[in-house]
Amino acid sequence: MRLEMEWNRRSFLGTVGAIAGSMIASKKVFAAKADTKVSGFGQSGNPYEELGVTTVVNCQGTMTMLGGSILRPELEAVMAQAGRHFVNMPELEVAAGKRIAELLKLPEGYTALVTAGAAAAIQSGLAGILTGDNETFIKQLPDLTGLKSEVIIQKSHRNPFDHQLRTTGVKLIEIETRDELRQAVSPRTAMMHFTNFANAAGRIKVDEWPKLAKEYKLPCMNDAAADTPPVSHLWDYTNMGYDLVTFSGGKAMRGPQCGGLLIGRKDLVAYALLNNSPHEDTLGRSSKVGKEEIIGMVKALELYLNEDHAALAQEWQSRLEFISRQIVQVPGVSTAFFVPDVANHVPHMQITWDAAKISLTPQQVAQLLRESKPAIVMGAAEGKPGLSMNSFMLQPGENKIVADQLVRIFREHSA
């Protein structure tokens, strides 16, 4: 693409000096100690407590409301390295996308963009489809004068995250059947959007959606934000034919919480970058992703791909079984295990109890856990009675803490 070539020429000239300088200074810079002594704020080792904010034992998983996931020490070290240098940001994005495409073995003609989470990827991806490389259109969004203005989505796929689509100014056209889809396609249609976690709810399934999009000569996007594991989802949807796919970086991949991925066709990813930070007067300027997060996402992906995912799943299951063995000793308490079909596809445990023996509602148990020391966050079961939890964000030893607190609460309220 013409603009992509222009970025490369400008970024090359602008960074030659910086690269040369960093080669001279890098050994000294990277030799800085990782265990720098902290004084003032943070010297206790827990800045949250210093602010009066309670940290929690996380039994809900990689929830944005709880801060996503815990960074690996190796990832923190690489991000710290990235923070000690300056770099041309568009050049970095293009290079990172190329490396990510190599890691994922994406189809020819596909690349990636590191974004400020999956929500930013949705917004920038659609913005790029709407504007292409037209500077006037990029600056005028969400004014759609002269642009296509509609996105087709299955009615059952509507969710709070489609707000990111609507920020571009488009109108969402809801359909339920293949015939309604055919009738909805018009010269105003910019894209067909698919929400991956709603696959079971819609009549048109994940593998058929891109085929229909190609039939109608329309680009299609799949929002697969929380849909790793399994790790194969990182390339499954592009291989199905989706033009753009979004993922959260701060969930199971354990990348930076403010990181995400837009994976897709090179031309559409290039247009998305034009609509995003660091470019000014763009819809995505507020969705800034830093050099540290971009480097962090590349490293997080590398680490995630090299993990023994079967062994991890077994470890998560073992933690749940440990908790189960303790709490079922309380009369009336029972447990069951399940794995959601999509989104947070990891071992979960459902906890139920006989209301005649334990006089608490699930909401009351959840509140008592939150008020315990340490505080424990556990949610209501996913469409099931009682409570549900997963263990893949628990830290070493926290499974015992959870078991002890549950046993205490159940026994204190037993008839």
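Here are a few worked exercises on the predicted model shown above.

Residues are numbered from 1 along each chain as its sequence is written, and side-chain values use heavy atoms, with hydrogens and water left out. Because this is a predicted model, local features need pLDDT of at least 70 and side-chain atom pairs count only at pLDDT 80 or more, while totals for chains, interfaces and linings use all residues.

**Exercise 1. Find out whether the radius of gyration of the protein chain agrees with that of a compact globule.**

Step 1: take the rule, 2.2 Å times the number of residues to the power 0.38, with the radius computed over C-alpha atoms.
Step 2: for 415 residues, the rule gives a value near 22 Å.
Step 3: the protein chain has 24 Å, which agrees.
To add to the picture, the C-alpha atoms fill a box of roughly 75 × 65 × 35 Å along the principal axes.

**Exercise 2. Describe the secondary structure and the burial of the protein chain.**

Step 1: helices (DSSP runs of H or I, at least four residues) and strands (E, at least two) are numbered from the N terminus; the chain has 15 helices and 13 strands.
Step 2: call a residue buried under 20% relative accessible area, exposed over 50%, and partly exposed in between (1.4 Å probe, protein chains only).
Step 3: by that yardstick, 50% of the 415 residues are buried.

**Exercise 3. Compare the expected span of helix H15 with the distance between its end C-alpha atoms.**

Step 1: the expected span is 1.5 Å times one less than the number of residues.
Step 2: H15 covers residues 398-412, so its 15 residues should span 21 Å.
Step 3: the end C-alpha atoms are 21 Å apart, which agrees.
Step 4: now look at burial; among the buried residues of H15 are Val402, Leu406, Ile409 and Phe410.
Step 5: an α-helix has 3.6 residues a turn, so residues three or four places apart point the same way.

**Exercise 4. Are the loop residues Pro142 and Asp243 buried, exposed or partly exposed?**

Step 1: place them. Pro142 sits in the loop between helix H6 (135-140) and strand S3 (150-154), and Asp243 in the loop between helix H10 (233-240) and strand S7 (244-248).
Step 2: Pro142 has 44% relative accessibility, so this residue is partly exposed. With 7%, Asp243 counts as buried.
Step 3: list contacts (heavy atoms within 4.5 Å), leaving out residues up to four places away in sequence. Pro142 touches Thr167, Thr168, Gly169 and Leu283. The partners of Asp243 include Tyr110, Lys214, Cys220 and Arg265.

How values were computed: Contact = heavy atoms within 4.5 Å.
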